[in-house]
Structure formats: C-alpha cells, structure tokens
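Open the model in your viewer and keep the selection panel at hand. The stops below say what to select and what is there.

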Amino acid sequence: MAVLALTASGCVTVHGEREIVPAATKSEAAQALEEFTAAYNKADKAYDPALSEKHVTGALGAINQAGLKAKAKNAPDGNPKHAALELTDAEFAIPKKAGWPRFFVADTDSNRDVDDDPAKDTHWLLVFVKHAVDDPWQVAYLNILTPGEVPQFKTDKDGFATPADAGTNDLAVAPGRLPAAYATYLQDGGKEFADGPHTSGWRADRKARESSPGWSRQWVDQPEQAGDFAPLGLRTKDGGAFVFFATRHFEKQTASEGLKITVPKDVEALLTGQVKQSITLERVSNLAAQVPAKNAAKPGVVLSSRIMGITSAVGE
C-alpha cells in the first residue's frame, strides 16, 4: 500500500529521471571519446559518412555528414591525404543534472596544430550528449580554441560541473536565447555580442560582399535549437557560462545575365537544381560563446569559436 501511494503521488524516482546525478563517469567519458575518435578516423579515411553517423549529431553531425558525402562523390576511393586524428590529455567537465538529455564536455589536445609552438597550440572541445541509458554517446558540438580561450568551469566539492540551464536569468543572455539572439544580431546588429571576427567582423565582411559589378548576395540567418541542436552550457568560475549553440545560414548568390557562376566541386556534390542565374548555399554554424553574468563589467557575449560547413546547395 505504501509503495503504491508513493508511486501515485509521483515521488518515486524512475531510472534517475528526477534524481540529480553525474551525466557520466570519467571512465565512461574516456570510452566515448575513444570511440568517437576511432569512428572519425575511419570515416575520414574512407570518406564514408556511415562510419561516423552513430557518433555525431546536432550541429557537428550536420556539418560532418554533409562534408563526407561531398568528398565521397569527388573521391570515391577515399581520402588520399588521410592522417589519423589524435585527441590526448583529455580533461572532462561532467555536470550533475536530473533527467535527459545528459551531456559532458571533453577538453582535448589535438595533433592538428600548425606546429609544436606552444603559443599556437589548440584545444578541441567536444560536447557529448545522450538521451537514454542505452543510447550511444554522440558529439553534438565541436569547437577549436586556444589555451587562453578554454574556460574555467565551476565545479562542486566532488569536482562535478554545473549546467547552465536554457532559462538561466542571471546571465547577459540566457543560453536558450543565444541562437535567436545571434541570428538577429547578424541581420540587424546590436550590443548583445562583443566585437570580434564572428560578430562585427563577419557582418562587415558580408556587407562588403553584398554587391559587386554583375553580382549580388543576400543572407538569411535562422536559429537552430530543436533536438540535438539545443544549446548546452556549463557555468564558469567567473559567474558566467560557456555555451555551445548552433545557427543556420542561407546565402543566395545571383549573377547578372551573361555571367557564369562557378560552383566548387564540394558544393556541386551537394547541389540540387540547375545553376542558371543563382545559387543558394545552406550552412550550419557550430558556435561556442563566453556569456558573462548579467552585472558583469563587460556585458557583451564573446564568440570564441565558429565552425561552419555547407550542408546543401540549390541552383536556379
């Protein structure tokens, strides 16, 4: 009778959905990183998206799968320049949270640096996500940062990180608002984002390329936040948060009559329709942002990284 009463009142935790628990153990996180790296290398060597599709999702999945699909069409025998990716010295930021999805961040040192100069070192930050106990861990976001850009995550006494929930209201911009805020900023400008190559710099570059003799370009920017495109973030020691999020961008290039649009091979491989006078390129951006506290001295959101890839193209 007591058990039935507890169940009816909703007070029983089922499979941890209401219990606040670590998203993963460190050994589980390390295993997920190892499996991702192995799948990434197999897919890159063979140019076969099927070899990595179970290990990627969200923004990274869209970019990775489209890129491999395009390369496979142009190099059906695989990647002649394949060099195995190595991700070492991993440190894991694992949050405690209730319910699903669960996620963690892996801060790794990659072998893709330009050289051995420590000043040019880069870190790969990967966000792993899963939706149920039996689901595989998949990487939804990947961003590449310099050591100075790697955030210091806030941890509790047991070393676990604190998630930055979508509706957190003590930040300059709530994590759940970032995709829409960034899409609006690219169109209209504003003060929510600090100046930088991915904000004011990109707006200036697009403005400069809007028109040239015989050519015009138009952009449409959209937030991406459904499913595995949802923003994911962790609180930082300075009172802010570090948030991973995604946006989608459409660029329409139109040529005057008599001019020919040259389509690169990797774009042609993703093309539908026939390019007569215009082509619309669809891209997905995988972003990482340092979001300050609402009362911070410098309130602008700093975009630390943007990895963007073409996911489709339409000719007209």
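Which residue in strand 10 is the bridge partner of Leu232? Select Leu232 and look across to strand 10: the partner is Phe244.

Before going on, note that this is a predicted model, in which local features need pLDDT of at least 70 and side-chain atom pairs count only at pLDDT 80 or more, while totals for chains, interfaces and linings use all residues. Residues are numbered from 1 along each chain as its sequence is written, and side-chain values use heavy atoms, with hydrogens and water left out.

**Stop 1: strand 10 and its partners**

Select residues 241–255, which make up strand 10. Helices (H or I, at least four residues) and strands (E, at least two) are DSSP runs, numbered from the N terminus. Of the 15 residues in strand 10, 12 are buried, so the strand is largely enclosed by the rest of the structure. Buried means under 20% relative accessible area, exposed over 50%, and partly exposed in between, with a 1.4 Å probe and protein chains only.

Now add the partner strands; two strands pair if DSSP finds at least two bridges between them.

- Strand 9 runs antiparallel to strand 10 and is joined to it by four bridges. The two form a hairpin with five residues between them, and Gly239 in the turn has a positive phi of about 95°.
- Strand 8 (residues 215–224) also runs antiparallel to strand 10, with 10 bridges. Trp215 has Ala255 as its bridge partner.
- Strand 12 is joined to strand 10 by 14 bridges, again antiparallel. Phe250 stands opposite Glu282 here.

Within strand 10, select Thr247. Thr247 is buried, with a relative accessible area of 0%. Its side chain makes a polar contact of 3.0 Å with that of His249. A polar contact is a pair of N or O atoms within 3.5 Å; within protein, one must be able to donate a hydrogen and the other to accept it, and residues adjacent in sequence count only if both atoms are side-chain atoms. Leaving out residues up to four places away in sequence, Thr247 touches several others, among them Pro179, Tyr182, Glu224, Arg283 and Leu287. Contact means heavy atoms within 4.5 Å.

**Stop 2: onward to strand 13**

From strand 12, move to strand 13 (residues 302–315). Strands 12 and 13 run antiparallel and share 12 bridges, with Asn286 partnered by Ile307. Strand 11 (residues 271–273) pairs with strand 13 in the parallel sense over three bridges; look for Gly273 opposite Gly315.

**Stop 3: the nonpolar cores**

Select Val105, Leu125, Val127, Tyr141, Leu234, Phe242 and Phe244: these have the most contacts inside the largest nonpolar core, which has 23 residues. A nonpolar core is a set of buried Ala, Val, Leu, Ile, Met, Phe, Trp, Tyr and Cys residues joined through side-chain atoms within 4.5 Å. Elements that each supply at least two residues of this core include helix 3 (58–74), strand 4 (102–110) and strand 5 (123–130). Apart from it lies another core, of 20 residues, among them Val56, Leu85, Phe104 and Leu126.

**Stop 4: the four-stranded sheet**

Select strands 2, 4, 5 and 6, which form an open antiparallel sheet in the order 2-4-5-6. Strand 2 (87–93) and strand 6 stand at the edges, each with a single partner strand, so one side of each has no neighbour in the sheet. Strands 4 and 5 pair over eight bridges, and Asp109 stands opposite His123. Add helix 2 (residues 26–46), which packs on the sheet and touches strand 2, strand 4, strand 5 and strand 6.

**Stop 5: the aromatic cluster**

Finish with Phe36, Tyr40, Phe92, Phe104, Trp124, Phe128 and Trp137, which form one aromatic cluster. Rings of Phe, Tyr and Trp (its six-membered ring) pair if their centres lie within 6.5 Å; planes under 30 degrees apart count as stacked, over 60 as edge-to-face and the rest as tilted. The structure holds 12 aromatic pairs. The ring centres of Phe92 and Phe104 are 6.0 Å apart and the planes stand at 75°, so this pair is edge-to-face. Phe92 lies in strand 2 and Phe104 in strand 4, 12 residues apart. Phe104 counts as buried at 0% relative accessibility. The rings of Phe104 and Trp137, with centres 4.8 Å apart and planes at 70°, are also edge-to-face.

How values were computed. Axes are lines fitted to C-alpha atoms, for helices over the stretch in contact, and angles run from 0 to 180 degrees between N-to-C directions.
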